[in-house]
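This report describes the fold, core and selected residues of one protein chain. Please look at the sequence and structure first.

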Amino acid sequence: MSWGGRRHRLLAHARAGDAQAQFDLACAYDFERPKLRRRACHWYRCAAEQGHAEAQNLLGEMLRDGTVGPADRREANRWFRRAAEQGEASALHRRGSGFWGEARKESSKRASHGGRLASRESPYGNGDVVPAEAEGVRQRDVDHRFARAI
């Protein structure tokens, strides 16, 4: 079956309100060529609003990364939290990676200017090194934010 035929078949079920079909259609738009990211975001949101955990996670990724518009970390974290509450383990990891991704950029910048990095890895298991003094972020504030998500 061609990609267009698969999408067409899924579209009928997605429009009927089937959350799994909405998610599958979103994945088809997101990962198969031609990629249509705005449509993918629309269908991820439809499935996410019905409680589909994987859709909530991938919608959070799109919002965090600004794939189809300006990045919205607050809304992304809201979707990651909803997915994590349903047991979507990668949502909590991605939520942490999204936050620490900014800290990693800052630490790289500091390292190139002789900045100091902490000698331990992130306590959230995402493999990043915790910056000793990320600009505007204190470690206890970060721990508090993630404690609420767990």
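The sections below go from the whole chain to its core and then to single sites.

## Overall architecture

The model is predicted. The chain contains seven helices and two strands, and from the N terminus its elements follow the order α-α-α-α-α-α-β-β-α. The pair of strands therefore comes after six helices and is followed by one more helix.

Of the 150 residues, 39% count as buried. The accessible surface of the chain is about 8800 Å², and carbon and sulfur atoms hold 49% of that area. Among contacts with a separation of 6 or more, 45% are made by residues 24 or more positions apart.

## The nonpolar core

The largest nonpolar core has 26 residues, and those that touch the most other members are Phe 23, Leu 25, Trp 43, Tyr 44, Ala 55 and Leu 59. Helices α1 (3–15), α2, α3 (37–49), α4 and α5 (73–85) each contribute at least two residues to this core. The most comes from α3, which supplies seven residues. In soluble globular proteins, nonpolar side chains tend to be buried together.

Tyr 44 has contacts on several sides of its sequence position. Not counting residues up to four places away in sequence, Tyr 44 touches Phe 23, Ala 26, Cys 27, Asp 30, Phe 31, Ala 55, Leu 58, Leu 59 and Met 62. Two of these partners, Ala 55 and Leu 59, are also listed with Tyr 44 among the core residues that touch the most other members.

## Asp 30, a buried acidic residue

Asp 30 is located in helix α2, which covers residues 19–31. Its relative accessibility is 8%, so Asp 30 counts as buried. The Asp 30 side chain forms a polar contact with the side chain of Tyr 44, at 2.9 Å.

Beyond its neighbours within four places in sequence, Asp 30 contacts Lys 35, Arg 37, Ala 40, Tyr 44 and Met 62. Met 62 is also a contact of Tyr 44, and Met 62 is one of the buried residues of α4.

## Helix α4

Helix α4 takes in residues 53–65, and its 13 residues should span 18 Å at 1.5 Å a residue; the C-alpha atoms at its ends are 18 Å apart, so the two values agree. Eleven of the 13 residues are buried, and α4 is thus mostly covered.

The buried set is Ala 53, Ala 55, Gln 56, Asn 57, Leu 58, Leu 59, Gly 60, Glu 61, Met 62, Leu 63 and Arg 64. After α4 comes Gly 66, with a positive phi near 70 degrees. Most residues other than glycine have a negative phi, and most peptide bonds are trans.

## Loops on either side of α3

Pro 34 sits in the loop between α2 and α3. The peptide bond joining Arg 33 and Pro 34 is cis, with omega about -5 degrees.

The loop between α3 and α4 holds Gln 50 and Gly 51. Gln 50 counts as partly exposed because its relative accessibility is 46%; Gly 51, at 26%, also counts as partly exposed. Gln 50 and Ala 19 are 31 residues apart in sequence, with their C-alpha atoms 6.5 Å apart. Leaving aside neighbours within four places in sequence, Gln 50 is in contact with Gly 17, Ala 19 and Gln 22. For Gly 51, the contacts outside that range are Gln 56 and Gln 86. Gly 51 and Gln 86 are 35 residues apart along the chain, and 8.7 Å separates their C-alpha atoms.

## An exposed position on α3

Arg 38 belongs to helix α3. Its relative accessibility of 63% means that Arg 38 counts as exposed. Ala 26 lies twelve residues from Arg 38 along the chain, and the C-alpha atoms of the two are separated by 9.4 Å.

## Cysteines

The whole structure has zero disulfides. A disulfide is a covalent bond between the sulfur atoms of two cysteines. Why does Cys 46 not form such a bond? The closest cysteine sulfur, in Cys 41, is 9.8 Å from the sulfur of Cys 46, which is too far for a bond. Cys 27 has 18% relative accessibility and therefore counts as buried; Cys 27 is also one of the residues touched by Tyr 44.

Note on methods
Residues are numbered from 1 along each chain as its sequence is written. This is a predicted model: local features need pLDDT of at least 70, side-chain atom pairs count only at pLDDT 80 or more; totals for chains, interfaces and linings use all residues. Side-chain values use heavy atoms; hydrogens and water are left out. Helices (H or I, at least four residues) and strands (E, at least two) are DSSP runs, numbered from the N terminus. Buried means under 20% relative accessible area, exposed over 50%, partly exposed in between (1.4 Å probe, protein chains only). A polar contact is a pair of N or O atoms within 3.5 Å; within protein, one must be able to donate a hydrogen and the other to accept it, and residues adjacent in sequence count only if both atoms are side-chain atoms. Contact means heavy atoms within 4.5 Å. The expected span of a helix is 1.5 Å times one less than its number of residues. A disulfide is a pair of cysteine sulfur atoms within 2.5 Å. Accessible areas come from the Shrake-Rupley method with a 1.4 Å probe; for residues, only the protein chains shown count as cover. A nonpolar core is a set of buried Ala, Val, Leu, Ile, Met, Phe, Trp, Tyr and Cys residues joined through side-chain atoms within 4.5 Å.
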